[in-house]
Amino acid sequence: MDHHLLKNFLSQTAIFQDFADEDLDIVLNAAVKRHLPKGTFLFREGDPGEAMYILLEGRTRSFTSDNQGKEFVFMIGEAGDVFGEVSLIDDEPRSWSTQTEDDSSFLMFSKQDFREALGALPNAKDQLIMNLARMVRRLSLTMKNLALLDVYGRVRALFEGMLTEADGQEMISEPLTQQAIADRVGSSREMIARILKELVFGGYIRLENKRIILLQKLPERF
Ligand SMILES: Nc1ncnc2c1ncn2[C@@H]1O[C@@H]2COP(=O)(O)O[C@H]2[C@H]1O
């Protein structure tokens, strides 16, 4: 992407959407473009925060894990999402790990450039606060689902948030393994295998190359 396309891209991200043209130049001049192959860690939970990233292309997975390797995936990041600003704001370690799911490219801002750009751009702080507010809301919803829904309810909420329409069919076009579903709802692969089997048996879904086709609305309860 050249400078003009990058500016256009930034102006459509949640964090830089209302920036004046010359402010976007300041932001871009502070950034370095990085390409990271699939499976690269942007950072690991507990690392010191050295940089902030904006995803240009590709996908990321943000998660926390225990020392047995069990993971809980908080979010799948897409183009325009921001990663790593929290540690640059509060100087505390990274709150979770983020890894690329595909070959991905980013704009990277070092801690120092991030702070200088913030100082030079009066509305940057407001936008960051808005972004933090979105994070809190997202986290509240995740907590609510974990606390109040059973595993089937969390699977249903996950699927409903991922459904898209293609060729007159509702489906989840992102290929999902049973383990990936388990990691996103805080359950085990075995439990997810059981739920999927019952949903197929009940005529609610069809599985096709790790993709899920919705045949009828998922039941409230299971
Ligand atoms: N609740 C959340 N919703 C979305 N993104 C988050 C949330 N919590 C943390 N992050 C992002 O994940 C990053 C992990 O490293 P940092 O703590 O530096 O900065 C964090 C944010 O960019």
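What share of the 222 residues in the protein is buried? In this predicted model, buried residues make up 40% of the protein. The chain forms 8 helices and 12 strands. Its C-alpha atoms fill a box of roughly 60 × 40 × 30 Å, taken along the principal axes. Contacts across the sequence were also counted. Among contacts with a separation of 6 or more, 66% join residues 24 or more positions apart.

An open sheet of 4 strands was examined next. Its strand order is 1-8-3-6, and the pairing is antiparallel. Strand 1 (32–36) and strand 6 (82–83) stand at the edges. Each of these two has a single partner strand, so one side of each is left without a neighbour in the sheet. In general, strands of a sheet pair through backbone hydrogen bonds, in either a parallel or an antiparallel sense.

The pairings can be followed in order across the sheet. Strand 1 and strand 8 are antiparallel and share 5 bridges. Here H35 stands opposite S105 of strand 8. Strand 8 is then joined to strand 3 by 6 bridges, and these two strands also run antiparallel. In this pair, L55 faces F106 of strand 8. Strand 3 (residues 51–57) pairs in turn with strand 6, in the antiparallel sense, over 2 bridges. I54 stands opposite V82 in strand 6.

Strand 8 (104–110) also meets a helix. Helix 1 (residues 3–10) lies across strand 3 and strand 8. Helix 1 runs at about 100° to strand 3. Strand 8 is mostly covered, with 6 of its 7 residues buried.

Helix 1 holds the lysine K7. Is K7 buried or exposed? The relative accessibility of K7 is 13%, which is under the 20% limit, so K7 counts as buried. Beyond its neighbours within four places in sequence, K7 is in contact with D21, L24, D25 and L28.

R59 is placed in the loop between strand 3 and strand 4 (60–65). Its side chain makes a polar contact with the side chain of E174, at 3.3 Å. With neighbours within four places in sequence left aside, the contacts of R59 fall in several stretches of the chain. One group is I76, G77 and E78. Another includes Q99, T100, E101, D102 and S104. E174 completes the list.

The packing of two helices was then considered. Helix 4 (residues 111–120) packs against helix 5 (residues 122–148) at an angle of about 110°, and their axes are 4 Å apart. This angle makes helix 4 roughly perpendicular to helix 5. Helix 4 contributes F114, L118 and A120 to the contact. Helix 5 contributes P122, A124, K125 and L128. By class, the contact has 6 nonpolar residues, no polar residues and 1 charged residue.

A second arginine, R154, lies in helix 6 (residues 151–162). How accessible is R154? Its relative accessible area is 13%, so R154 is buried, the limit being under 20%. Outside its neighbours within four places in sequence, R154 is in contact with N145, L146, L149, V185 and G186. One of these residues, V185, places its backbone oxygen 2.8 Å from a polar atom of the R154 side chain. F72 offers a reference point elsewhere in the chain. R154 and F72 are 82 residues apart along the chain, and their C-alpha atoms are separated by 13 Å.

A hairpin is formed by strand 11 and strand 12. Strand 11 (residues 205–208) and strand 12 (residues 211–214) pair in the antiparallel sense over 4 bridges. Within this pair, L207 has I212 of strand 12 as its bridge partner. The hairpin has 2 residues between the strands. In it, N209 takes a positive phi near 50°.

Conventions. Residues numbered from 1 in each chain as written. Predicted model: local features only at pLDDT ≥ 70, side-chain atom pairs only at ≥ 80, totals over all residues. Heavy atoms only, no water. Buried < 20%, exposed > 50% of the residue type's maximum accessible area, 1.4 Å probe, protein only. Contact = heavy atoms within 4.5 Å. Polar contact = N/O pair within 3.5 Å; in protein donor to acceptor, adjacent residues only side chain to side chain. Axes fitted to C-alpha atoms, helices over the stretch in contact; angles between N-to-C directions. Parallel < 35°, antiparallel > 145°, perpendicular 65-115°, else oblique. Nonpolar A, V, L, I, M, F, W, Y, C, P; charged D, E, K, R; others polar. Pairing = 2+ DSSP bridges.
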